[in-house]
Amino acid sequence: MTGHELHRQAEDANRALWDEMAAVHVRAYKEVQLLRQGSEVLDQIELREIGDVRGKRLLHLQCHIGTDTLGWARHGAAVTGVDFSPRAIACAQELRDELGLEATFIQSNVYDLPSLLSEQFDIVYASRGVLCWLRDLDEWARIIDRFLVPGGVFYLMESHPVVHALEEISPGVLSFANPYFHRAEPVRWEAGDCDYANASHILAHPSYEWTWTIGDVVNALLKAGLELEFLNEYDRLYFQLFPSMTSDDGRWYRLPQYQRMLPLIFTLRARKPG
Ligand SMILES: C[S@@+](CC[C@H](N)C(=O)[O-])C[C@H]1O[C@@H](n2cnc3c(N)ncnc32)[C@H](O)[C@@H]1O
């Protein structure tokens, strides 16, 4: 099998996994409840770092069930969400209709989007759990550039790649267990793990994931011609990766014993020259 065929097969397996998780997440995501209550669904960091979106066209890549997309719609953006899982897109459309919000949702692999969509956007946005599903960051960055108007910005909030190299070997003690650096072949995770949003749901599908370093992400965006405006690191994470993590609100998790010692997420903003 060629590398290309292997990558396509990995993406097909990942799509089946995300199809499985979509309906589970409609029931499990706190963001769905927050949207239904009319409460804020987006995080203060991204709201501050992206700024006012009123009247702006926003493309959300890998939007899953559309909770963040609809959050941006509530803030006045004209939003388009894209995801390759047909079930996730169907859930996003149902949620949009239930909430009476305006949003366009497109079912597409990120890599196929240029053949389906011709518009350009003021903001391209992706967040929380997106990079590990991508087989080629250079192509991803060229696609982001393709969809930005001159002067438009790309914003990313993502788990810090260093945390995926670590494992909790005893309560509160982390140790390096996985390579930090990128490898061409994805790592296969077998079915049978718990869903990250609903521990009682045991996943029936395997997944394939790629690791990308901070340098890989930044260099891909620079190579595509974008200008980096900032890259920030924070010591909290949007899911419970390690058992000893604690949370005040059930949305953001901290590692009490590594507070201010270890980055858990990073954010970046890059601009297409105007
Ligand atoms: C963790 S979720 C996105 C995060 C989002 N903030 C959330 O949790 O609601 C990852 C999403 O990426 C999508 N995805 C993975 N690979 C993709 C690809 N190649 N093209 C488009 N969507 C993809 C999956 O279907 C899934 O909905």
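Where is H64 found?

## One loop, two unusual residues

H64 sits in the loop between β1 and α4, and Q62 has its place in that loop between β1 (57-61) and α4 (67-74) too. Helices (H or I, at least four residues) and strands (E, at least two) are DSSP runs, numbered from the N terminus. This is a predicted model, where local features need pLDDT of at least 70, side-chain atom pairs count only at pLDDT 80 or more, and totals for chains, interfaces and linings use all residues. Residues are numbered from 1 along each chain as its sequence is written, and side-chain values use heavy atoms, leaving out hydrogens and water.

Most residues other than glycine have a negative phi. Q62 has a positive one, near 60 degrees, and H64 has a positive one near 55 degrees. Q62 counts as buried because its relative accessibility is 16%, and H64 is buried at 9%; buried means under 20% relative accessible area, exposed over 50%, partly exposed in between (1.4 Å probe, protein chains only).

## Around the ligand

There are 17 residues around the ligand, and Y29, H64, D83, N109 and V110 come nearest. To be near, a residue needs a heavy atom within 4 Å. By class, this shell has six nonpolar, seven polar and four charged residues. Here Ala, Val, Leu, Ile, Met, Phe, Trp, Tyr, Cys and Pro count as nonpolar, Asp, Glu, Lys and Arg as charged, and the others, Gly among them, as polar.

Now for some atom pairs. A polar side-chain atom of D83 lies 2.5 Å from a ligand oxygen atom, and one of Q62 lies 3.3 Å from a ligand oxygen atom.

Notes:
Polar contact = N/O pair within 3.5 Å; in protein donor to acceptor, adjacent residues only side chain to side chain.
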